[in-house]
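Colleague: Hi! Could you walk me through this model, one question at a time?

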Amino acid sequence: MRITLILLLFTVSSVVFAEELPKDCLGIYAGEMAAYTVTKNDIEMNIEKHDVKIQITRHDIFYSSGQIELRGGYTFLKQSGSQYLIKVNLSNGKNISYQMDLIWNKKARTLSVSGKNGEPDLTLEKIEG
């Protein structure tokens, strides 16, 4: 009975530990998004270049792009030896909700943002943390 309980506790603690990003990933990443054009509902919009900053904490992600600031949670999957896929759900708590995929490269210490809806992909460098 004791051995079963110990094995159960070890298994549960292993699962909880496996759901956390490595400490090396936590911190602030920044870069500059190049200008691009998007079309939505037959309306073409030009987006000027702007700074992008992402801060990853143990429990949240903070995203700022131009004058937009969003906060949200994340889940992640290990893709390969040094890369992790991070699925992010962001919101401003009011009317903006946004989902994005990030790829963290442990060796390069970079965070890649997968562009969608006409946005280009972007690689951010770790600047703090």
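**A walk through the model**

Modeller: Gladly. Among contacts in the protein (contact means heavy atoms within 4.5 Å) between residues at least 6 apart in sequence, the share joining residues at least 24 apart is 37%.

Colleague: Before we go on, which ground rules apply here?

Modeller: This is a predicted model, in which local features need pLDDT of at least 70 and side-chain atom pairs count only at pLDDT 80 or more, while totals for chains, interfaces and linings use all residues. Residues are numbered from 1 along each chain as its sequence is written, and side-chain values use heavy atoms, with hydrogens and water left out.

Colleague: Where does pLDDT stay under 50?

Modeller: pLDDT is the predictor's confidence in each residue, from 0 to 100. The protein averages 83, and 85% of the residues score at least 70. Where pLDDT is low, the predicted coordinates should not be read in detail. That caution suits the stretch with one contact beyond four places in sequence, where pLDDT stays under 50: residues 1-18.

Colleague: Thanks! What pattern does the protein follow along the sequence?

Modeller: Helices (H or I, at least four residues) and strands (E, at least two) are DSSP runs, numbered from the N terminus. The protein has one helix and 10 strands. Read along the sequence, the pattern is α-β-β-β-β-β-β-β-β-β-β.

Colleague: Which strand gives the most to the largest nonpolar core?

Modeller: A nonpolar core is a set of buried Ala, Val, Leu, Ile, Met, Phe, Trp, Tyr and Cys residues joined through side-chain atoms within 4.5 Å. Buried means under 20% relative accessible area, exposed over 50%, and partly exposed in between (1.4 Å probe, protein chains only). The largest such core has 26 residues, and Ile54, Ile56, Ile61, Ile86, Leu102 and Leu111 have the most contacts inside it. With four residues, the strand that gives the most is β7 (residues 83-91).

Colleague: And which residues is leucine 102 in contact with, leaving aside its neighbours within four places in sequence?

Modeller: Leucine 102 is among the residues with the most contacts inside that core. Its contacts beyond four places in sequence are Ile54, Ile61, Tyr84, Leu85, Ile86, Val88, Leu111, Ser112 and Val113.

Colleague: On to charges: how far apart are the closest N and O atoms of aspartate 60 and arginine 71?

Modeller: A salt bridge is a side-chain nitrogen of Lys or Arg within 4 Å of a carboxyl oxygen of Asp or Glu, and the structure holds two. This pair links distant parts of the chain, 11 residues apart: aspartate 60 is in the loop between β4 (50-56) and β5 (61-65), and arginine 71 is in strand β6 (residues 68-78). Arginine 71 is partly exposed, at 46% relative accessible area. The closest N and O atoms of the salt bridge are separated by 2.8 Å.

Colleague: Which residue forms a salt bridge with aspartate 101?

Modeller: The closest N and O atoms of this salt bridge are 3.1 Å apart. Aspartate 101 lies in strand β8 (residues 97-105) and its partner in strand β7, so the pair ties together parts that are 14 residues apart in sequence. Aspartate 101 is partly exposed at 28%, and its partner is partly exposed at 38%. That partner is lysine 87.

Colleague: Which residue in β10 is the bridge partner of threonine 110?

Modeller: Two strands pair if DSSP finds at least two bridges between them. β8 and strand β9 (residues 110-113) pair in the antiparallel sense over four bridges, with asparagine 105 opposite threonine 110. β9 and strand β10 (residues 122-128) also pair in the antiparallel sense over four bridges. In β10, threonine 110 has as its bridge partner glutamate 125.

Colleague: What separates the C-alpha atoms of valine 38 and lysine 116?

Modeller: Valine 38 is found in strand β2 (residues 36-40) and is buried, with a relative accessible area of 11%. Beyond four places in sequence, valine 38 touches Ile43, Glu44, Met45, Asn117, Gly118 and Glu119. Valine 38 and lysine 116 are 78 residues apart along the chain, and their C-alpha atoms are separated by 9.9 Å.

Colleague: Last one: is serine 82 buried or exposed?

Modeller: Serine 82 has its place in the loop between β6 and β7. Leaving aside neighbours within four places in sequence, serine 82 is in contact with Trp104, Asn105, Lys106 and Lys107. At 14% relative accessibility, serine 82 counts as buried.
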